Structures are given as structure tokens and as C-alpha cells.
Amino acid sequence: MSNAYRIVSAGASRSFPDTHPFIQQADGSAAATVYIGAEAGIAFRAASAAPAAAFIAIELDTECLAVHIDQSAESALENLLGFARFRLGDTEPSNLIELVRLPQTSPAAIAAARAAFEAAGLKVAVCGDFPGRIVNRLVRPYYNAALRRLDEQLASAEDMDMTLRLGLGYPEGPIALLNRTGLADHCRVSEDLYQALRQEPYAPARAAQVAMARLKRETT
């Protein structure tokens, strides 16, 4: 099975903002295609269908892969996947690729995409097509809960972080982590998930909303 793929770049990519072996190893003549960038979904929709390609992958933000597919063509896209390389705020992207499958995505397409990412040293976790995928779905309620307990003065930020580091073995407490990676970015992601899921734990906590309001004021 060939791991060859080409890259179609469409705007700034959160997954690959800089040079990376996955980009360097791309082959412009390959049929398999990876759309990267903020406009990746638009670029995919503007391209011709490629049913014979081993896989087609579209970079996602917090949205579902299905939003980029016309309902009339959905059942035919057995080689289509979404993906995102997890990162918090503007920190360096992690080596984790969340690979999104549709119900009709073939095992062969999943295997081909996985092999392509792993050949570049990335680790792959496969998931269904849901807003926020795996990590964001798990950690955003946790971050919001920590911020709300801080507002309630359950403990100081330092004591809450220390408790979770020493009590549960986390490498970094949630308050320090959010302050380091950006409360405004947490607000953006959490708000996206809240709007998509309408579940209270995803509603951005007060401190995150304040950070976002300040960022908007400073940039307008």
C-alpha cells in the first residue's frame, strides 16, 4: 500500500503552521490528497471528486467533517476523512492526529491515512464525526469547571493547580495551563462546542469570556 499523498494548502493551517516532515514528504503527483488550512473545506468542495484515491483528508477546526459534504454525494465518499493535529492556543501542535471517519469511510482509507501520518512520526487516534473530536470534548468541560471553582473561591489558583498535579499526577494544573496557552482561545473553542452541543459544561466560564472580550477590544 502506497503512502503517497499530495498537499493542497488553503489558508493558514493550525495543524501544520511550520515546516514538518508530513509536508516535506508529500508527492505532488499522488492521487491521495490532504487539504490543509483554514479554508480546507472550501478547497475540497471546489475540487473534482477523486473516488479512486486511497484517501482524501480535510483539516478541521472544531466543526464536523459532514458540514463540508453535499448530502447527495455523502454515501459515495468512502475515502473521505477529516483530521486535526491537537494544539492548545498558539502553542506548538502536538504529535497527536485525531483522524475523523464517517460511517461510510472504508477501513482501507483509514489505514492509508493512518500510514501516511505515522510515516511522518505522528500518532493517530481514530474517532467518529463529532464537534471537537476527542480531546476538546473531554478537556473543555474540565477547564470550565476549574475556572468556575476559582471564581467561587474554592481555593487559590496555585493550590488548585498543585492539588491536581500532586493528587492526580497531571504535569500542569488547569489554571496555569490556560493562562499559558490563552484563555481567549479556550473561550473560542468552548463557545463553538457549546453552540454545537448545547450542553452547559461547554459554556465558557466567566474568566474565559472576559479574556475574549479584552482580546476583541484590543484588536478592533
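How many salt bridges does the count come to here? The answer is eight, and one of them takes us straight to the place where the two domains meet. Keep in mind that this is a predicted model.

**Two domains and their contact**

The domain assignment splits the protein into domain 1, residues 6–127, and domain 2, residues 136–219. Their C-alpha centres sit 28 Å apart. On the domain 1 side, eight residues take part in the contact, and domain 2 brings 11 residues to it. Here's what that contact looks like in numbers:

| Between domain 1 and domain 2 | Value |
|---|---|
| Buried area | about 720 Å² |
| Share of the buried area on carbon and sulfur atoms | 54% |
| Salt bridges | one salt bridge |
| Polar contacts (both residues at pLDDT 80 or more) | three residue pairs |

Which side chains meet in a salt bridge at 2.8 Å, N to O? They are Asp61 and Arg188. This pair ties together distant parts of the chain, with 127 residues separating the two partners. Asp61 belongs to the loop between β3 (56–59) and β4, while Arg188 is part of helix α7, residues 183–197.

**The six-stranded sheet**

Now for the sheet. It's an open one with six strands, running in the order β1-β2-β3-β4-β5-β6, and the pairing is mixed. Its edges are β1 (6–9) and β6 (123–127), each of which pairs on one side only. On average, and ignoring direction, neighbouring strands are turned by 25° against each other.

Let's look at the β6 end. Strand β5, residues 96–101, runs parallel to β6, and five bridges join the pair. If you want a spot to find this on screen, go to Leu96, which stands opposite Lys123 in β6.

What packs on the sheet here, touching β4, β5 and β6? That's helix α3, residues 107–118. The direction of helix α3 makes about 165° with that of β5. Strand β4 itself covers residues 80–85, and the loop leading from β3 to β4 is the one that holds Asp61, the partner of Arg188 in the salt bridge described above.

Conventions
Residues numbered from 1 in each chain as written. Predicted model: local features only at pLDDT ≥ 70, side-chain atom pairs only at ≥ 80, totals over all residues. Heavy atoms only, no water. Pairing = 2+ DSSP bridges. Helix = DSSP H or I, 4+ residues; strand = E, 2+ residues; numbered from the N terminus. Axes fitted to C-alpha atoms, helices over the stretch in contact; angles between N-to-C directions. Contact = heavy atoms within 4.5 Å. Domains from an automatic or database assignment. Buried area = accessible area lost by both parts, 1.4 Å probe. Salt bridge = Lys/Arg side-chain N within 4 Å of Asp/Glu carboxyl O. Polar contact = N/O pair within 3.5 Å; in protein donor to acceptor, adjacent residues only side chain to side chain.
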